[in-house]
Amino acid sequence: MENVKDTIANLPKDDGWNAGYPLYQYQGFWCSPNFIEDIILSQEGFKAEPTDIFVCSAPKSGTTWLKALTFAIVTRTRYDTSTSPLLSKVSHDCIPTLSNSGKKLDICEPGLPLISTHTPYHALPKSVLNSDCKVVYICREPKDAFVSLYHFLAKRAPNKESPFPGEGFRSFL
């Protein structure tokens, strides 16, 4: 764990995103320190099974929709239209995510082969990339995803300034 914190401390850093915490560049992406820690620990410890199905997306790219769709497809023989957990839970509560210990957390359905992550494809654990497990990746037009992320962060910003630095970002919107 200390080694992970040292790795993060030596990464390129930017405080200008006004997210309430600094962002660090790791393997080509700007991420929060907690997210980088999860990526590193899962890269070191997660062992993929051939039956695993990874549900991957960048933030604000249709994650909720993709999780609901894949959960409904995989569990279609377990539930009818009146008993699906999706009727009482959001899809984020039905599909486990990769935990920072490199283990899959069963949160809704024990034995469910689905695992969700925002980890970029090239940063997935080697055991995933080198196995026969399936990876479902949703993409969104980059400008749409950026605008959605902008508004999401603007609602959560600790102050009323733009969540992104500089006027150049405003012209992009």
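This is a dialogue about reading a predicted model of a protein chain.

Trainee: Where do I start? How many helices and strands does the protein chain have?

Mentor: A good habit is to begin with the inventory and then the order. Here the secondary structure of the protein chain comes to six helices and six strands. Read from the N terminus, the elements run α-β-β-β-α-β-α-β-α-β-α-α.

Trainee: And what do the totals say about burial, surface and contacts in the protein chain?

Mentor: Take them in turn. Of its 173 residues, 37% count as buried. The accessible surface is about 10,100 Å², and carbon and sulfur atoms account for 55% of that. As for contacts between residues at least 6 apart in sequence, 57% of them join residues at least 24 apart.

Trainee: Let's go to the open sheet. What is the order of its three strands?

Mentor: With a sheet, look for the order, the direction and the edges. This one has the order β5-β4-β6, and the pairing is parallel. The edge strands are β5, residues 114–117, and β6, residues 134–138, each of which pairs on one side only. On average, neighbouring strands are turned by 20 degrees against each other, direction ignored.

Trainee: Which helix packs on the sheet?

Mentor: That is helix α3, residues 63–74, which touches β4, β5 and β6. The direction of α3 makes about 160 degrees with that of β4.

Trainee: How many bridges join β4 to β5?

Mentor: Four bridges join these two parallel strands. You can follow one of them from Phe54, which sits in β4, residues 53–57. The bridge partner of Phe54 in β5 is Ile115.

Trainee: Is Phe54 buried or exposed?

Mentor: Compare the relative accessible area with the cut-off. Phe54 counts as buried because its relative accessible area is 0%, and buried means under 20%. Then look at the company it keeps. Leaving out residues up to four places away in sequence, Phe54 touches Phe46, Leu98, Ile115, Thr117, Leu124, Val128, Cys133, Lys134, Val135 and Val136.

Trainee: How can I see the gap between sequence and space for Phe54 and Pro113?

Mentor: Put the two distances side by side. Phe54 and Pro113 are 59 residues apart in sequence, while their C-alpha atoms are 8.3 Å apart in space.

Trainee: Thr117 appeared among the contacts of Phe54. In which strand is Thr117 found?

Mentor: Thr117 belongs to strand β5. Thr117 is counted as buried because its relative accessibility is 11%. Its side chain makes a polar contact of 2.7 Å with the side chain of Thr119. Beyond its neighbours within four places in sequence, Thr117 is in contact with Phe54, Val55, Cys56, Ser57 and Leu124.

Trainee: Now a loop residue. Where is Asp52 found, and is it buried or exposed?

Mentor: Asp52 is in the loop between α2, residues 33–45, and β4. With a relative accessible area of 5%, Asp52 is buried. Check the partners of its side chain too: a polar atom there lies 2.9 Å from the backbone nitrogen of Glu49.

Trainee: What should I look for in the backbone angles of Gln27 and Lys60?

Mentor: Look at the sign of phi, and at the residue type. Gln27 has a positive phi of about 50 degrees although it is not a glycine. Gln27 is in the loop between β2, residues 23–26, and β3, residues 29–31. Lys60 has a positive phi of about 65 degrees, and it is not a glycine either. Lys60 lies in the loop between β4 and α3.

Trainee: How do Gln27 and Lys60 rate for exposure?

Mentor: Gln27 is partly exposed, with a relative accessible area of 36%. Lys60 is also partly exposed, at 29%.

Trainee: Last topic, the core. Which residues make up the largest nonpolar core?

Mentor: List the members, then trace each to its element. The largest nonpolar core has eleven residues: Val4, Ile8, Leu11, Tyr24, Tyr26, Cys31, Ile36, Ile39, Ile40, Leu41 and Ala123. At least two of these residues come from each of α1 (2–9), β2 and α2. The largest share, four residues, is supplied by α2.

Trainee: What does Ile39 touch?

Mentor: Setting aside residues up to four places away in sequence, Ile39 touches Tyr26, Thr119, Pro120 and Ala123. Tyr26 and Ala123 are listed in that core as well.

Terms used: Residues numbered from 1 in each chain as written. Predicted model: local features only at pLDDT ≥ 70, side-chain atom pairs only at ≥ 80, totals over all residues. Heavy atoms only, no water. Buried < 20%, exposed > 50% of the residue type's maximum accessible area, 1.4 Å probe, protein only. Contact = heavy atoms within 4.5 Å. Pairing = 2+ DSSP bridges. Axes fitted to C-alpha atoms, helices over the stretch in contact; angles between N-to-C directions. Polar contact = N/O pair within 3.5 Å; in protein donor to acceptor, adjacent residues only side chain to side chain. Areas by Shrake-Rupley, 256 points an atom, 1.4 Å probe, with all protein chains shown as cover. Core = buried A, V, L, I, M, F, W, Y, C linked by side-chain atoms within 4.5 Å.
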